[in-house]
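Welcome! Open your viewer, set the cartoon display, and follow along as we go from one selection to the next.

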Amino acid sequence: SKPIVYITRCLPEDVVEPYRKHFQIDMWEYEDRPVDRNTLREKAAQADGLLTVLTEQVDDELLEQCKNLKIVANMAVGFDNIDVDAASKRNISVTNTPDVLTETTADLTFALMMATARRLVEASSYVKEGKWQNWSPLLLAGTDIHHKKIGIVGMGRIGEAVARRASGFSMDILYHNRSRKKEAEDELGATYRSLEALLEEADYVVCLTPHTPETEKMFDAEAFARMKKDAIFINASRGMTVDEDALIQALKTGEIAAAGLDVFAEEPIDADHPLLQMDNVVCLPHIGSATKETRYKMMELALENIKLVLSGSEPKTPVE
Ligand code: GLV
Ligand code: GLV
C-alpha cells in the first residue's frame with residue numbers, strides 16, 4: 001500500500017493531484033482555521049510524511065506519537081515551529097522552502113519599508129474616507145528612502161535580495177550577521193557593522209534574521225534606545241525577535257519614528273492590540289511570500305521533498 005501523507009492545510013487539488021499516485025493523501029479540509037492539536041496528533045501518528053505550515057507546533061510530544069514518520073516538510077523558509085533536534089534523534093528529515101520565496105519576500109519587505117516611510121496606508125485611507133479637500137505643503141509628508149542608510153539585520157538570501165533593491169535606490173547598505181558575507185560586501189557594496197553600530201547609524205533597521213534562542217527579543221528596549229529618533233523599524237522575519245512592549249514604548253515616546261510589521265509575537269494579533277492603534281505603524285498579516293506564483297512553488301517544493309524522502313532519496317532542501 002502507498003505511504004500516507006498528511007497535509008495540515010487545504011491545498012489546491014491541481015498541486016496535490018500528481019502526488020496521489022505515489023501517496024495516500026489526507027488533508028485538513030477547512031480553509032478558515034488551522035488544524036486542531038488532537039486531529040494533528042492522530043493524523044501524524046499514522047503518517048509517513050507530514051506537510052506543515054508555520055502555525056503547527058511540531059514538538060517532541062507530537063513526534064513521540066509518530067511511529068512511521070520520515071519527513072516533516074514545512075511550507076515556509078522559517079522552521080522555528082519545528083523541534084529539529086527532536087526530529088533528528090528519531091531520524092525524521094525536516095525540510096523548508098528556501099530560495100523559491102527569496103525575491104517575493106524581498107519585494108514585500110521593500111514595499112513595507114516604502115509604505116511606512118511614505119505613509120501609504122494612511123494616505124490611501126485619507127483619500128478613501130473623503131478627507132482630501134486640499135493640497136498642502138506638508139500634507140502626509142513622509143521620509144525619503146533614496147540615499148538613506150539601510151541596516152539589514154540577518155544577511156541571508158532574503159537580506160541580500162533586499163540589499164540589491166536598496167542599491168537601486170542609491171541607499172548606503174549596512175548589515176549585521178553572525179558571519180561576515182564577503183561576497184555581499186563585494187557585490188552589493190554592503191558594509192559590515194556590529195549590531196550596536198548598525199542600530200546607531202541606520203535610518204531603516206530591517207529585521208530579516210531567523211527566530212532562534214539567540215535572536216529571541218533581540219530588538220529590546222536597549223536596541224530601540226540606540227536607534228536614531230527618526231529611525232524606521234521594519235520586521236519581515238518573525239515577531240518573536242522583538243520585545244513588543246519595548247517597541248510600543250519606543251514608538252510612543254518618540255525614540256523611533258515608525259514601524260512596518262509583517263509579523264507579530266502572537267499571530268493572528270488581537271484586533272485591540274496597542275500596535276494596531278498607532279498611526280505610525282503599518283501592519284500586515286504575515287504575507288511576505290504571499291504571491292500566487294511563489295505560494296505554488298512552495299507547495300510543490302514541500303511535496304517534492306516528501307516524495308524524495310519517501311522514495312529513499314535525499315530531500316532537495318533540508319533545513320540548515
Ligand atoms: C514565512 O514566514 C516563512 O518562513 O516562509
Ligand atoms: C507635486 O505633484 C508636484 O508637482 O510638485
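Start by selecting residues 71-74, which form strand β4. This strand runs parallel to β5, and 3 bridges join the two. Keep in mind that you are looking at a predicted model. To see one of these connections, click on Val72: its bridge partner in β5 is Val94.

Now widen the selection to the whole sheet. How many strands does the sheet have, and in what order? There are 5, arranged as β2-β1-β3-β4-β5, with parallel pairing in an open sheet. Color residues 24-27 (β2) and 93-95 (β5) to mark the edges. Each of these two has a single partner strand, so one of its sides has no neighbour in the sheet. Turn the view a little and look for the twist, which averages 15° from one strand to the next.

Next, add residues 292-310, helix α12, which packs on the sheet. The helix touches β1 (4-7), β3 (49-52), β4 and β5. Compare its direction with that of β4: the two make an angle of about 165°.

Then move over to ligand 1. Which residues surround it? Show Leu54, Ala76, Val77, Gly78, Leu101, Gly288 and Ser289 as sticks. Sorted by character, the shell has 4 nonpolar and 3 polar residues, with no charged ones.

Finally, color the protein chain by confidence. Its average pLDDT is 97, and 100% of the residues score at least 70. For the model as a whole, the scores are pTM 0.96 and ipTM 0.69.

Methods:
Residues are numbered from 1 along each chain as its sequence is written. Chains are lettered from A and ligands numbered from 1 in the order in which they are written. This is a predicted model: local features need pLDDT of at least 70, side-chain atom pairs count only at pLDDT 80 or more; totals for chains, interfaces and linings use all residues. A residue is near a molecule or strand if its C-beta atom, placed from the backbone, lies within 6 Å of it. Ala, Val, Leu, Ile, Met, Phe, Trp, Tyr, Cys and Pro count as nonpolar, Asp, Glu, Lys and Arg as charged, and the others, Gly among them, as polar. pLDDT is the predictor's confidence in each residue, from 0 to 100. Two strands pair if DSSP finds at least two bridges between them. Helices (H or I, at least four residues) and strands (E, at least two) are DSSP runs, numbered from the N terminus. Axes are lines fitted to C-alpha atoms, for helices over the stretch in contact, and angles run from 0 to 180 degrees between N-to-C directions. Two residues are in contact if their C-beta atoms, placed from the backbone, lie within 7 Å.
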